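Subject: Structure handover

Hello,

Here is the structure I promised to pass on. Please open it next to this email and follow along.

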Amino acid sequence: MIRALFFDIDGTLVSFNTHKVAQSTIDGLNIAKERGIKIFISTGRPLSFINKLEDIEHLIDGYITTNGSYNFMGKSVISMHSIPKEEVLTLVDYLNKHEYPAILVGTDNTAVINHKPIVDRIVIDTLNITNIDFSITAKTVLQQDILQITPFITQEQQDIIMPQIPHCASERWHPEFIDTVNKQASKGKALSDIVAYNDLLISETMAFGDGGNDISMLLKAGVGVAMGNANDNVKAMANYVTSSADDDGIYKALKHFEVI
């Protein structure tokens, strides 16, 4: 019996094409909620970047954010993992030296460093995140604990810097950037933390995702569902592959497993 559902946002709950939650998904989650099933968001986005969920916001019980770095239900923080300060400085120095753009995510604010058109093209145009406050400085955010750093770098550039920050891990769910977090953080570990907090069993969970940063969650959940638009490496790790976010994939999977 499934008692908790975990959903990635981009390419899963929210279509890259419409930037909306499908009506079938809204209908399915309402039915699940009526049946007493808990609903959780599991995203690489920081809390301030979570949008387009207005139609289901009232159904959500808790959030896994910044790839498992900051996880909460209501006002209760379930787990948090920040990047070690010295490794934050190492990565930021590397990015500044080469003028690579990045998004710094602190506990209170986010800041963009080395702002370039690629940031607007991907974050604003592709991901439809339109509420970035570009006036917040890196100096302000670096005074906080850093939950995630998202550099817009290539695989080759990633291979150069990652050995220099050994307590960090990176996930590439988009070809033009990576999310860098503390090694203790992942969507899968955060799912386990939420399961324990709610006295659930792993076997009672189902997770949905489409990107590389969703793999740990799909492997950890009782049932891992890859969207039809997922990369092949993600599909290979899932228990079940449904149709795409634009083709009622979530609703079809919930029906297939008789969750609704």
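**Inside the protein: cavities**

The largest cavity holds about 140 Å³ of space. Keep in mind that this is a predicted model.

Which residues lie nearest the centre of the largest cavity? They are F49, I103, L127, T150 and D179, out of 16 that line it. Three strands each supply at least two residues of this lining: β6 (102–106), β8 (146–151) and β10 (177–182). By class, the lining of the largest cavity splits into 10 nonpolar, 3 polar and 3 charged residues.

The count of cavities of 30 Å³ or more comes to 3. The second largest has a volume of about 50 Å³. Its lining is made of D8, D10, T43, G44, R45, W173, D210, G211, N213 and D214. Here the classes are 1 nonpolar, 4 polar and 5 charged.

**The largest pocket**

Now for the open space. The largest pocket contains about 230 Å³. It is lined by 18 residues, and P46, L47, S48, G106 and D108 are the closest to its centre. The lining of this pocket has 8 nonpolar, 8 polar and 2 charged residues.

**Strand β1 and its partners**

Find strand β1, residues 4–7. A4 and F6 point one way from the strand. L5 and F7 point the other way. Are these residues buried or exposed? All of them are buried.

β1 pairs with two strands that we can take in turn. One partner is β2, residues 38–42. The pairing of β1 with β2 is parallel and runs over 4 bridges. Within it, L5 stands opposite I39 of β2. To get from β1 to β2, the chain passes through helix α1, residues 23–34. This β-α-β crossover is right-handed.

The other partner is β11, residues 205–209. β1 and β11 are also parallel, again with 4 bridges. In this pairing, F6 has A207 of β11 as its bridge partner.

**Helix α6**

Next, go to helix α6, which covers residues 187–197. Its buried residues are K187, G188, A190, L191, I194 and V195. Why do they line one face of the helix? Look down the axis of α6: the buried residues fall within an arc of 160°, so they sit along one face.

Just after α6 comes D199. This residue takes a positive phi of about 55°.

**Two more residues with positive phi**

Some background helps here. Most residues other than glycine have a negative phi.

K52 is not a glycine, yet its phi is positive, at about 65°. Look for K52 in the loop between β2 and β3 (62–65). How exposed is K52, and what is its relative accessibility? The value is 29%, so K52 counts as partly exposed.

N128 is not a glycine either, and its phi is positive at about 60°. This residue is in the loop between α3 (117–126) and α4 (138–141). N128 has a relative accessible area of 16%. The cut-off for buried is under 20%, so N128 is buried.

**Where to start**

Try the cavities, then β1, then α6. Turn the model as you go, and find each residue in the sequence too.

Best wishes

Terms used: Residues are numbered from 1 along each chain as its sequence is written. This is a predicted model: local features need pLDDT of at least 70, side-chain atom pairs count only at pLDDT 80 or more; totals for chains, interfaces and linings use all residues. Side-chain values use heavy atoms; hydrogens and water are left out. Buried means under 20% relative accessible area, exposed over 50%, partly exposed in between (1.4 Å probe, protein chains only). The arc is that of the directions from the helix axis to the C-beta atoms. On a 1 Å grid over the protein atoms alone, a cavity is a set of points where a 1.4 Å probe fits but cannot get out, and a pocket is an open set with protein on both sides within 12 Å along at least five of seven lines; lining residues have an atom within 4 Å of a point. Grid points are joined across faces, edges and corners, and a volume is the space filled by probe spheres set on the points. Ala, Val, Leu, Ile, Met, Phe, Trp, Tyr, Cys and Pro count as nonpolar, Asp, Glu, Lys and Arg as charged, and the others, Gly among them, as polar. Two strands pair if DSSP finds at least two bridges between them. A crossover is right-handed if, with the strands pointing away from the viewer, the path from the first strand over the helix to the second runs clockwise.
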